[in-house]
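Biologist: I am new to this structure and would like a close look at one part of it, the aromatic rings and what lies against them. Could you take me through that slowly, in one connected answer?

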Amino acid sequence: MYRSFLLLFFCTPLLVFAQVQPAETLVQYVKPIIGTQRMGHTYPGATVPFGMVQLSPETDTIGYVKDGKYNPDVYKYCAGYQYDDKSIVGFSHTHFSGTGHSDLGDFLVMPTVGTLRLNPGTSDKPRSGYRSTYSHQSEVASANYYKVKLDDYNITAELTTTARVGFHQYTFPKTDSAHVILDLMAGIYNYADKNVWTYLHIVNDTLVTGYRQTSGWAKNRTLYFAMRFSKPFASYGNINNSSKEVYHGFWGKFKQGENFPEVAGRQIRAYFNFATQDDEQIRIKFALSPVSMEGALKNMDIEIPGWDFDKIKADGQRLWENELSKITITTKSITDKQNFYTSMYHTMINPTLYMDADSSYRGLDQNNHKASDFINYTTFSLWDTHRALHPLFNIIEPARNVDMIKSMLAHYDQSPEHMLPVWSNSANENWCMGGYHSVSVVADAIVKDNASFDVNNALNACVTTARHRSYEALGYYMNNGYIPDEKNGNSVSSTLEYAYDDWCIAQAANKLGKQDIYHEFLKRSQNYINVFDGQSGFMRPKLSDGTFKKQFDPLSTINQGFIEGNAWNYTLYVPHNPAKLVELLGGDKRFIAYLDSLFTMNLPDKYFAETEDITRDGIIGNYVHGNEPSHHVAYLYNWTSEPWKTQQRVRMILPLMYKPTPDGLGGNDDTGQMSAWFIFSTLGFYPVAPASDQYAIGSPSIDGATIKVGTGKTFIIEVKNQGAKNVYVKKALLNGHALDHSYITHSDIMNGGRMVFYMSKTPSNSGFLSASLTGKN
């Protein structure tokens, strides 16, 4: 039964036909071009919800290394595409969405005509290689469809996908020198030795299979493919630039560069030649597998048995429509709809499917496994997504979130380090960023009763991960109650993140009746106090001897003990106990003044000049919305006597940081976290501390919404007297009863019901008390 469901969802995209569609199609409001300029790091290409394939253009070949050092320009190309570029290099099948570091960009395909060129050329001299200039006037980016004209070749390129297969459609001019280039050297965050090995097998004149093994962010990643053409190629060949190979065996007996059925090496570009009539279309099905070339071919045959491009495009868009319709909003503003449904789209790209149609996948132990009772996922950017993305899934994607947790538990079982994922992709742990925030995702599901997995095994995995003393100064944290600054460059931020994660474990343990674990980790969750310096009023680096570091600048992001942030912002990172934080910072009035100054002060450029993840695009005063550690901060006013300031700040942030334009995101979307913040805040509530069942009240920016919460239930949000100036909540009714506190609970939402906000242009505290976070502290 479960296996049948997998095939229905990921192999036959007609799952949603029988479901009632909303009054208007929602995919029309998805604008994948949002965030493709500057800091958003999104891509405009085609993908289905949570699909393995992300088929999208690359606009340059910037390498990771320049003159033997890290090349900072590569940062702009985390998703392979930058809106300001004038040429397209080709179309690759794997991409991260919104990340601040990168990998992937596998199997670049580029159609050309005329003289065959097998180097990509450069941005300043595009005609020196196979790349082509293009114009945004001919570019179309929508849900599961991308189209562009390659001006130098008069070729129209169209892309769509299924879960595991990229589908290309190229319309050629009349020529006897048409080519399709397959570049196995291309990649994102590329460098000369990134390819460990590549292999091509030309099975016949329409079918090619192969694989690529790389060592990058994921140090041991192998991806297999099968490539099928709609038209036989007339001839083919390759260049193999694997000059560093000392041993070549006896393959010199063959002329391997032309019409030879296999090639292996580290630096390979292949080509396939055709003659075409005017407006003739050549289609390519390009399937992926984490397991084998045979698996890729089977994925192709199951998901796209025919050649109907428009059908596959429409099927994928129906899948998107089904996902988007889980929240329908009411607003007169097209901008609101574009921002909201593009945010929904961006939240449903990652994590990504990572298994074949027969449920086979490559595990973290580099062995092949079969997922017996779950869909296996990868791309877990947990430092980002534990904050709002996974809490959003617990509302609108509960079954999928359970599968994601089961994938994390499989990761734990297969991990040589015996840890839950920190930042994992493609059967590899990347160890990027801090904390062990998978425990937040697991605990949030347990506390919210969305835990159809082995909860005791899950708790054990959380505890074992949190006791792994050799992981990023965790042993010092366990011994001292904080991380000494001389032992770790992120001593303060890691201490704060560990403390929150420990609170999450305590809440899960308490829910499951494991009181010994509860008390152990509840005590650990108070370790944030150990890095608070009452004299300066900030969280501050502390040395092994118990004294605070003397050289301290609370505005600086460099060498101050914080990862991607400064003390001003990170001092507020106690999401699990805001009431105690208010006390530490001097009480209600002083805490309010601290928050006010964060949003209104001026932060000179010098304080983030050396931090590539923070730019002026995402900063309001000293509040950094463009990076995740501050995402809960606007909601902290709810723990003061002036909760109306949360409403004011949220409504200020929304239009400043989110616009329906290529540069419309104030920072990296970070696999959907920035977008999840927008969704929650637009609806009027936010999960300040995942693993609590509470959502802090904000200020809804739309006229209303209907959230599908399962089994036919809906949670309806109605907003009275909405307006650009009416940002303050005068009162709120939950199922007809006045809300007397600044939060709603998870069960309030999931039981279904109606919440009515009455908005005003003047602030009011009437009807609202300060928030009181559930969960024992």
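Modeller: Lysine 285 lies over the face of tryptophan 307, 4.2 Å from the ring centre, and in this predicted model a second lysine, lysine 542, is placed over the face of tyrosine 482, at 5.1 Å from the ring centre. Turning from charges over rings to rings beside rings, the structure holds 51 aromatic pairs. One of them joins tyrosine 436 and tyrosine 498, whose ring centres are 5.0 Å apart and whose planes meet at 20 degrees; because planes under 30 degrees apart count as stacked, this pair is stacked. The two tyrosines come from distant parts of the chain, 62 residues apart, with tyrosine 436 in the loop between β27 (428–429) and α8 (438–447) and tyrosine 498 in helix α11 (residues 491–511). Tyrosine 436 has a relative accessible area of 1% and is therefore buried, and tyrosine 498, at 0% relative accessibility, counts as buried too. Another stacked pair is made by phenylalanine 562 and tyrosine 570, with ring centres 5.3 Å apart and planes at 25 degrees, and both of these residues are buried. Beyond such single pairs, rings can also be followed from one to the next: Tyr635, Tyr658, Trp677, Phe678, Phe680, Phe685, Tyr686 and Tyr695 are linked by ring pairs into a cluster.

Notes: Residues are numbered from 1 along each chain as its sequence is written. This is a predicted model: local features need pLDDT of at least 70, side-chain atom pairs count only at pLDDT 80 or more; totals for chains, interfaces and linings use all residues. Side-chain values use heavy atoms; hydrogens and water are left out. Rings of Phe, Tyr and Trp (its six-membered ring) pair if their centres lie within 6.5 Å; planes under 30 degrees apart count as stacked, over 60 as edge-to-face and the rest as tilted. Helices (H or I, at least four residues) and strands (E, at least two) are DSSP runs, numbered from the N terminus. Buried means under 20% relative accessible area, exposed over 50%, partly exposed in between (1.4 Å probe, protein chains only). A charge sits over a ring if NZ of Lys or CZ of Arg is within 6 Å of the ring centre and within 35 degrees of the ring normal.
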